[in-house]
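New to this one? Here's a quick briefing to read alongside the sequence and the 3D view.

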Amino acid sequence: MTIPILKKHANSLPLKLIFTIMNHKPVEGFSKLTKQGKIDWIVSQYLENDAHYKKILNQYWNDDAALQKLHDEFSENTVSNFYMPYGIAPNFLINNKLLALPMAIEESSVVAAASKAAKFWLDKGGFKTTIINTEKLGHTHFILNVEPHKLLNFFNFNLKQKLFAATEDITKNMRNRGGGILDIKLIDKTAELPNYFQLKASFDTKDSMGANFINSCLEQFGKTLKEEVANAEQFSPEEKNSLQIVMNILSNYTPDCIVRAEVSCKIEDLKDDSGISNEEFAWKFKQAVIIAEIEPYRATTHNKGIMNGIDAVVIATGNDFRATESCAHAYASRSGKYSSLTHCTTDNGIFRFWIDLPISVGVVGGLTNLHPLVKFSLALLGKPSAQELMSILAVSGLAQNFGALRSLVTTGIQKGHMKMHLLNILNQLGATEDEKQYFVNYYKDKTVSHHEVIAEFEKLKNK
Ligand code: MEV
């Protein structure tokens, strides 16, 4: 069979691409195939029809057809489920409430490190949090070839109230819940791009993350702006014709939706079991934070460790980890240089360690009422408000960072990490349960290394 794309572009396609296309035919209407049809197609096209691959996909289906259908319908073209370990980090004392945090994460040692950090702070007053603000933002980005002051007058005396009025229906429910549009501003960006302006709106979305609400308001802004400019007497026909609504979209950067989480104690109470003195521990820990504040290479890894704790709870509670990631990293770069999200002081004999985290999450809407494990997570956390969830997430990030830095400045990261990774290595080697138990005992007081485990495993097998 000749493939249409090949025929059409035969002369212009590089050989390598032609070869690839010949081996893997493009598909029409993939989304309309049944689940089994999709599997048959991908296994025949990419996996040499190997039944083993079909079995893998089938193995991960849920026997409960209704539950499977629910999962299938979260996304598109689903052919299986992708499991992630779901763990619990207990003993988190947050604002005097004792919580067990649900964490969905595949990386060994993250849940263990969180649990260890939680326990460390349990008898030192635990974690305290403060919601600093809760404003979310969105923009209508548009091009209009007019004098900025003329547009500003039009915005102040005509457009602004029309934008509020035009979104009254959309905002009604949110206003009843105490939220809504807080303000709308006209922003002149013409110095950066000719004729570029923004309607910049701030929102309070209460317990929802608010993405759909914000985007609906913004799309209405785009329509109202178009209508109002078309009817405005102060603009010439050429000016009116120059209007282009480029896009209406929320910003995942929420520098005015911030929560602070902190821990503190006397340096003399910073007992660490690694053998270094409390003073040396406090000093080294603070140096590690300062290094992350001034050195972007280190800050990236430092913040990655923080996000280990945050993303795991974000996923377990059905929130959008890509949004929390991009927001955190944008905030970490706000000075123009990428820096640490956490900070530390050791003044007057007091060790203080904190994070200021911009984060927009919801406890209603999205997956929160649909995914059974998300519902479980929220119930486990005592059905938190969005602000309480912000606090829990900031604590999880701070605890994770405390755990990582504590290891880094004392024993090194590999000791704890490899201990947790041991089972992965043994599973790769096909170890039995008895062999796993033998190795867990064997490595109780030794540092695990990949090549050593393999060698020891061979020895055990040959015995
Ligand atoms: C590993 O996932 C995270 C760490 O590298 C974080 C850090 O170095 O601070 C341990």
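**Helix α11 and the sheet**

The buried residues of helix α11 pack against four elements: α12 (296–316), β9 (342–345), β10 (350–358) and α15 (386–408). Keep in mind that this is a predicted model. We'll stay with α11 for a bit, then turn to a sheet and the helix lying across part of it.

**Helix α11**

- This helix covers residues 278–294, and its 17 residues should span 24 Å at 1.5 Å a residue; the end C-alpha atoms are 24 Å apart, so the two agree.
- On the buried list for α11 you'll find Asn-278, Phe-281, Ala-282, Phe-285, Ala-288, Val-289 and Ala-292.
- Those buried residues take up an arc of only 125° around the axis, so they sit on the same side of α11.
- Look at the face turned away from that buried side and you'll see the exposed residues Glu-279, Trp-283 and Ile-294.

**The open sheet**

- Four strands make up an open sheet, in the order β5-β6-β4-β7, and their pairing is antiparallel.
- At the edges are β5 (180–188) and β7 (244–251), each of which pairs on one side only.
- From one strand to the next, the twist averages 15°.
- Strand β6 (residues 196–204) pairs with β5 over 8 bridges, in the antiparallel sense.
- For a spot to find on screen, try Gly-180, which stands opposite Asp-204 in β6.

**The helix across the strands**

- Helix α7 (residues 148–166) lies across β4 (136–143), β5 and β6.
- Relative to β5, α7 runs at about 165°.

Note on methods: Residues numbered from 1 in each chain as written. Predicted model: local features only at pLDDT ≥ 70, side-chain atom pairs only at ≥ 80, totals over all residues. Heavy atoms only, no water. Helix = DSSP H or I, 4+ residues; strand = E, 2+ residues; numbered from the N terminus. Expected span 1.5 Å × (residues − 1). Buried < 20%, exposed > 50% of the residue type's maximum accessible area, 1.4 Å probe, protein only. Arc of directions from axis to C-beta. Contact = heavy atoms within 4.5 Å. Pairing = 2+ DSSP bridges. Axes fitted to C-alpha atoms, helices over the stretch in contact; angles between N-to-C directions.
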